[in-house]
Amino acid sequence: MPFFTVIIPLYNKENFVRDAIKSILNQTFTDFKLLIINDCSTDNSVYIASEFLSDKVQLIHHEKNSGLAATRNTGIKKATSNYVTFLDADDVWKPNFLESVFQLIQNFPEARI
């Protein structure tokens with residue numbers, strides 16, 4: 001079981017999704033699974049995201065457009081880790097983001113969000 005499940009809600013972000021995915025795959029902390037939840041994109045977002053599919057990266061499709069909250073909820077339902085985090089498809093993380101969060105969890109195990 002991965003330490004983190006990272007969820008990217010995806011809807012028509014073809015100009016950004018590649019950089020978002022790369023920013024996750026380039027993390028210094030690598031014990032994660034990435035779930036990309038496609039909310040019926042009509043551009044090339046899914047094609048771009050599918051280039052990254054692997055044991056670590058999964059693409060899940062909604063049958064009908066359901067909106068951001070439903071897309072995030074789908075990711076949560078499919079998550080296999082105790083810790084879930086979100087990255088919008090048009091954002092990026094610095095390479096040490098997950099490592100920093102992991103260290104905070106280790107240093108402050110009683111903290112909850």
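## A four-stranded parallel sheet and its two pockets

Strand β2 (residues 32-38) is a well-covered part of this structure, with six of its seven residues buried. Buried here means under 20% relative accessible area, exposed means over 50%, and partly exposed lies in between (1.4 Å probe, protein chains only). Before going further, please keep in mind that this is a predicted model, in which local features need pLDDT of at least 70 and side-chain atom pairs count only at pLDDT 80 or more, while totals for chains, interfaces and linings use all residues. Residues are numbered from 1 along each chain as its sequence is written, and side-chain values use heavy atoms, with hydrogens and water left out.

### The sheet

Let us start with the strands. They are DSSP runs of E with at least two residues, helices are runs of H or I with at least four, and both are numbered from the N terminus. Four strands form an open sheet in the order β3-β2-β1-β4, and their pairing is parallel. Because β3 and β4 stand at the edges with a single partner strand each, one side of each has no neighbour in the sheet. Two strands count as paired if DSSP finds at least two bridges between them. The table walks across the sheet, pair by pair.

| Strand pair | Bridges | Direction |
|---|---|---|
| β3 and β2 | five bridges | parallel |
| β2 and β1 | seven bridges | parallel |
| β1 and β4 | four bridges | parallel |

If you would like to find these pairs on the model, some residues make handy signposts. Between β1 and β2, look for Val 6, which stands opposite Leu 34. From Ile 36, the bridge leads to Leu 59 in β3. For the pairing with β4, you can look at Thr 5, which has Val 84 opposite.

### How the chain crosses over

Helices link the strands in two places. β1, helix α1 (residues 17-25) and β2 make up a right-handed β-α-β unit. Another right-handed β-α-β unit is built from β2, helix α2 (residues 45-50) and β3 (residues 57-61). Right-handed means that, with the strands pointing away from you, the path from the first strand over the helix to the second runs clockwise. Strand β2 therefore belongs to both units.

The loops of these units hold two residues with a notable backbone. In the loop between β1 and α1 sits Asn 12, whose phi is positive, at about 50°, although Asn 12 is not a glycine. With 26% relative accessibility, Asn 12 counts as partly exposed. In the loop between β2 and α2 you will find Cys 40, also not a glycine, with a positive phi of about 65°. Cys 40 has a relative accessible area of 22% and is partly exposed.

### The largest pocket

Now for the hollows in the structure. A pocket is an open set of points on a 1 Å grid over the protein atoms alone, where a 1.4 Å probe fits and protein lies on both sides within 12 Å along at least five of seven lines; lining residues have an atom within 4 Å of a point. The volume is the space filled by probe spheres set on the points, which are joined across faces, edges and corners.

The largest pocket has a volume of about 420 Å³. It is lined by 14 residues, and those closest to its centre are Tyr 83, Val 101, Ile 105, Arg 112 and Ile 113. Both β4 (83-86) and α4 (97-107) supply at least two lining residues, and α4 provides the largest share, four residues. What kinds of residue line the largest pocket? There are 11 nonpolar, two polar and one charged. Here Ala, Val, Leu, Ile, Met, Phe, Trp, Tyr, Cys and Pro are nonpolar, Asp, Glu, Lys and Arg are charged, and the others, Gly among them, are polar.

### The second largest pocket

The second largest pocket holds about 180 Å³ of space. Its lining includes Pro 9, Leu 10 and Tyr 11, along with Asp 39, Thr 71, Arg 72, Asp 88 and Asp 90. β1 (4-10) and α3 (68-78) each give at least two residues to this lining, with α3 giving the most, three residues. By class, the lining has five nonpolar, two polar and five charged residues.

Thr 71 is worth a closer look. This lining residue sits in helix α3 and counts as buried, at 1% relative accessibility. Between Thr 71 and Ile 48 there are 18 Å in space, C-alpha to C-alpha, and the two are 23 residues apart in sequence.
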